[in-house]
Amino acid sequence: MVDDPDAALADAREARVIGADIIEFRVDRIFHGEADEEGAAAIARLAAESPLPCIITCRAAHEGGEYDGDDAARIALYEHLGASTTPPRYIDLELSTYTRSANLRQKVHLATDWPAEQRDPAPRLILSFHDFNTRPATLLKTLADMRELPAAKVLKLAWKARSIRDNLEAFDILRERDRPTIALCMGEFGLMSRILAPKFGAFLTFASLRDAAATAPGQPAIRELLDLYRFRSITPATRTYGVIGWPVAHSRSPHLHNAGFEAIDHDAVYLPLPVPPEWEHFKATLAALLDHEPLNFRGASITLPHKEHLVRFARQDTARRWAIDPIVERCGAANTIIVNDDGSCRIDNTDAHAAVAVIRSMTAQRDGHSLASQRIAIIGAGGVARAVAAGLLEAGATITIYNRTPGRAQRLADDLSASAAASPVRGAATAEPWENLPSAACEIFVNCTSMGMAGGPDPAASPIDPAALSRLPATTAIFDTVYNPPETPLILAANARGMRTATGVGMFVEQAALQFERWTAATAPRALFHKVALESLPPSTL
Ligand code: NAP
């Protein structure tokens, strides 16, 4: 949104340096109607001095903008720009204004319909439609009406997505375009439509120079679009992956996987895919993603609160062939979907495999690779504890579960024992009272609670206080699954005592690496993942 033309031109130059191809100047605030010659001159200057081809948009208040003068003055501004020797490449006008009167339409044509021999390039008309509240019932009728209007050189439809599924409709509109078209979803569910625009042949996508400058909710920043999502490399053939959860906006997984795809030259992009917590949302969204062939949806990470929903989906969905990894059967939760070339699907729990890998590497030097002789204390009985315990049980460890709420610890131990009866393992799982944790006779302690996590309920807490820690043998190994911050109070105290430690960053990297390897059949760039994971943590937590 332009407030000051000098600053707007400086921003435009910066956007060009970062990699933009075209600039939109939203001039609603600097044009005030008929008598505003100063505003009109400032806008003509923007068009003349823009460092890139530009779109001039003076959006009316009735279409979500801030211009509150009359439409005749706004169209006269466009007419004036059209007649200038340095016109903008495009002007944007809403369908509702364009169709309101033959007189306005004629004036718009005066601004845009210059024969090539008289003016090249003449500004071209972007005819636009917005709904800031929902996906309107009239969307397809509106599109059909727009297609009847030859003066519109570019069609733009933008509406607020109600869910991820609305993006798929935007993609279908783009695929069936009869001329250059922009179809975008706004709001938290709409990021996918903005990033995947080139996959479906969109005329352009919008990005803001800075986060705070976003002119529409859900709009990415240019750097994010180009660097994180590798927008320039997205083509119709690009595979789509993502992280499904609620919330997912702050997930670090896109940083790791997109950097990994780039490192091995895998034609793919990985997106945050927010899906509300209810089973119905999950079921409908996942089915739509899998069914949308042009999307080329090849896999996903599944995070809270959908890990159990994924198992339910795979068991119920008889239309596709699903393979379920044994570890998923054991812990009842999955965090990975793999879609094979033939359309068959597989689910796995790489949290469980990753935790085992971390503990194996902790014990390798001293105790060899076998976990069969190890006694391991699992602290916590939530989702992560369930996956870690299932993995360790399968690896043959003897597990004791300690949890603040004893009933949950007992339930987890019972579930694991029942799974061991159905599918035998060498290990065993029992629950013990929380108070007994400091005196646990275990070689390894694994914190699976949220204690010590930045932004969690107890960021300064440790499940084992330093005094209790100092009574444990110095050979005890401490693994904290919390990765934000990497050095939790528990890790700091254990390091001070000279114990073997592993932070949650290693597990986070390993679970992502195992997903990556299942999707790409290539070795994951673990060192790169580690670097990116640390870089993408908020600086205050490092
Ligand atoms: P969850 O299902 O909500 O479970 C939280 C657990 O923490 C419960 O056992 C809870 O005990 C316990 N807890 C919370 N506050 C406590 C306190 N003040 N005192 C004692 N116990 C407390 O969460 P989750 O999904 O298992 O995640 C747990 C942690 O794992 C997260 O904080 C995250 O940092 C970490 N994590 C790491 C990775 C990785 O890849 N490294 C991945 C995911 C998560 P009650 O049952 O008594 O409530």
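**Residues, a helix and open spaces**

Biologist: V154 lies in strand β5 (residues 152–160), but how do you know whether V154 is buried or exposed?

Modeller: This is a predicted model, in which local features need pLDDT of at least 70 and side-chain atom pairs count only at pLDDT 80 or more, while totals for chains, interfaces and linings use all residues. Residues are numbered from 1 along each chain as its sequence is written, and side-chain values use heavy atoms, with hydrogens and water left out. V154 has a relative accessible area of 2%, and since buried means under 20% (exposed is over 50%, partly exposed in between, with a 1.4 Å probe and protein chains only), V154 is buried.

Biologist: What does V154 touch, leaving out residues up to four places away in sequence?

Modeller: With contact taken as heavy atoms within 4.5 Å, V154 touches Y90, L125, I126, L127, P180, I182 and F203. P180 stands 26 residues away from V154 along the chain, yet their C-alpha atoms are separated by 5.0 Å.

Biologist: T520 is found in helix α19; what makes T520 count as buried?

Modeller: T520 is buried because its relative accessible area is 14%, which falls under the 20% limit. Its side chain reaches the backbone oxygen of F516 at 2.8 Å, and beyond residues up to four places away in sequence, T520 touches F261, I264 and H266.

Biologist: How do you know that the length of helix α15 agrees with its number of residues?

Modeller: Helices here are DSSP runs of H or I with at least four residues, and strands are runs of E with at least two, numbered from the N terminus. The expected span is 1.5 Å times one less than the number of residues, so the 12 residues of α15 (residues 383–394) should span 16 Å, and the 17 Å between its end C-alpha atoms agrees. Just after α15, G396 takes a positive phi of about 100°.

Biologist: Why is α15 described as largely enclosed by the rest of the structure?

Modeller: Nine of its 12 residues are buried, so the description follows; the buried residues are A385, R386, A387, V388, A389, A390, G391, L392 and L393.

Biologist: What makes one space a pocket and another a cavity?

Modeller: On a 1 Å grid over the protein atoms alone, a cavity is a set of points where a 1.4 Å probe fits but cannot get out, whereas a pocket is an open set with protein on both sides within 12 Å along at least five of seven lines, and lining residues have an atom within 4 Å of a point. The largest pocket holds about 1700 Å³ of space, and among its 50 lining residues T303, L304, V384, S450 and M453 lie nearest its centre. Helix α19 gives the most to this lining, with five residues.

Biologist: Which residues lie nearest the centre of the second largest pocket?

Modeller: They are I22, I23, E24, A207 and S208, among the 38 residues that line the second largest pocket, where about 890 Å³ of space lies. Helix α1 gives the most to that lining, with five residues.

Biologist: How many cavities of 30 Å³ or more does a search of the whole structure find?

Modeller: The search finds one. About 30 Å³ of space lies in the largest cavity, a volume being the space filled by probe spheres set on grid points joined across faces, edges and corners, and this cavity is lined by R252, Y483, V505, F508, A533, S536 and L537.

Conventions: Polar contact = N/O pair within 3.5 Å; in protein donor to acceptor, adjacent residues only side chain to side chain.
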